[in-house]
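These are my notes on the model, set out as numbered points. Please read them alongside the coordinates.

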Amino acid sequence: MLNELDSIYTELIAEHSRSTENKHHLKLPTVVQKGRNPSCGDEITLELQVEEGKIKDASFTGVGCAISQASTSIMIDLIKGESVEKAQHLADLFLKMIKGEITEDDELEELDEAMALKNISHMPARVKCAVLSWRTLLETLKTK
Ligand SMILES: [Zn+2]
């Protein structure tokens, strides 16, 4: 499935899917939210430490395919240290990219490494894997 993506992006996704840098428990999570994608068997638990409207720290645990794990790890790199509003904005942008509603690279620049997942929008079977963590994030922040 990964060969359908550009090779640089494939490498980036493979790297992130193997990375354990963001895969651990937080000492002081203020929110813990589970997300599941039954169609693929992806399961993640997102842990955030939100203080004064800012995501001070973030991590995840879970199992699943390379796309779901890479997407989660990339997302955590992006949102760590950002305000809740910024994180919500990035998640909205990511979902629009995957739905194919925003295709211009200029408009997607803020997504940085998450842009590697852009072509997933042409792979319907993998869309749920890619959006799992971002949807879970939005749910998490909504309950704050
Ligand atoms: Zn998956």
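1. Lys56 and Glu51 form a salt bridge through their side chains, with an N to O distance of 3.5 Å. The model is a predicted one, and the distance is computed from its atoms. Glu51 has a relative accessible area of 34%, so the residue is classed as partly exposed.

2. A salt bridge also joins the side chains of Lys118 and Asp105, at 2.8 Å from N to O. Asp105 belongs to helix α4 and Lys118 to the loop between α4 and α5, so this contact ties together parts that are 13 residues apart in sequence. Asp105 is partly exposed because its relative accessibility is 40%, which falls between the 20% and 50% cut-offs.

3. Arg36 and Glu43 make a further salt bridge, where the N to O distance is 3.7 Å. The partners fall into separate accessibility classes: Arg36 is exposed, at 56% relative accessible area, whereas Glu43 is partly exposed, at 39%. The count of salt bridges comes to four; the pairs described in these points are among them.

4. Which residues form the negative surface patch? The patch consists of Glu104, Asp106, Glu107, Glu109 and Glu110. Asp105 takes part in a salt bridge with Lys118, and residues with a salt bridge are left out of patches, so Asp105 is not a patch member.

5. Within that patch, Glu109 is placed in the loop that runs between α4 (105-108) and α5 (124-142). Its relative accessibility is 58%. Exposed means over 50%, so Glu109 counts as exposed.

6. The zinc ion has donors from Cys40 (SG), Asp42 (OD, listed twice), Cys65 (SG) and Cys129 (SG), at 2.2 to 2.7 Å. Along the sequence, these donor residues follow the spacing C-x1-D-x22-C-x63-C. Cys40 and Cys129 link distant parts of the chain, being 89 residues apart: Cys40 is in the loop between β1 (31-37) and β2 (42-51), and Cys129 is in helix α5.

7. Are these two zinc donors, Cys40 and Cys129, buried or exposed? Cys129 is buried, since its relative accessibility is 1% and the cut-off for buried is under 20%. Cys40, at 32% relative accessible area, is partly exposed.

Technical notes: Residues numbered from 1 in each chain as written. Predicted model: local features only at pLDDT ≥ 70, side-chain atom pairs only at ≥ 80, totals over all residues. Heavy atoms only, no water. Patch = residues over 30% accessible without salt bridge, like charges linked within 9 Å, V, L, I, M, F, W, Y side chains within 5 Å. Areas by Shrake-Rupley, 256 points an atom, 1.4 Å probe, with all protein chains shown as cover. Lys, Arg positive; Asp, Glu negative; His and termini not counted. Charge placed at Lys NZ, Arg CZ, Asp CG, Glu CD. Helix = DSSP H or I, 4+ residues; strand = E, 2+ residues; numbered from the N terminus. Buried < 20%, exposed > 50% of the residue type's maximum accessible area, 1.4 Å probe, protein only. Donors = N, O, S within 2.8 Å, 3.2 Å for Na, K, Ca; no water.
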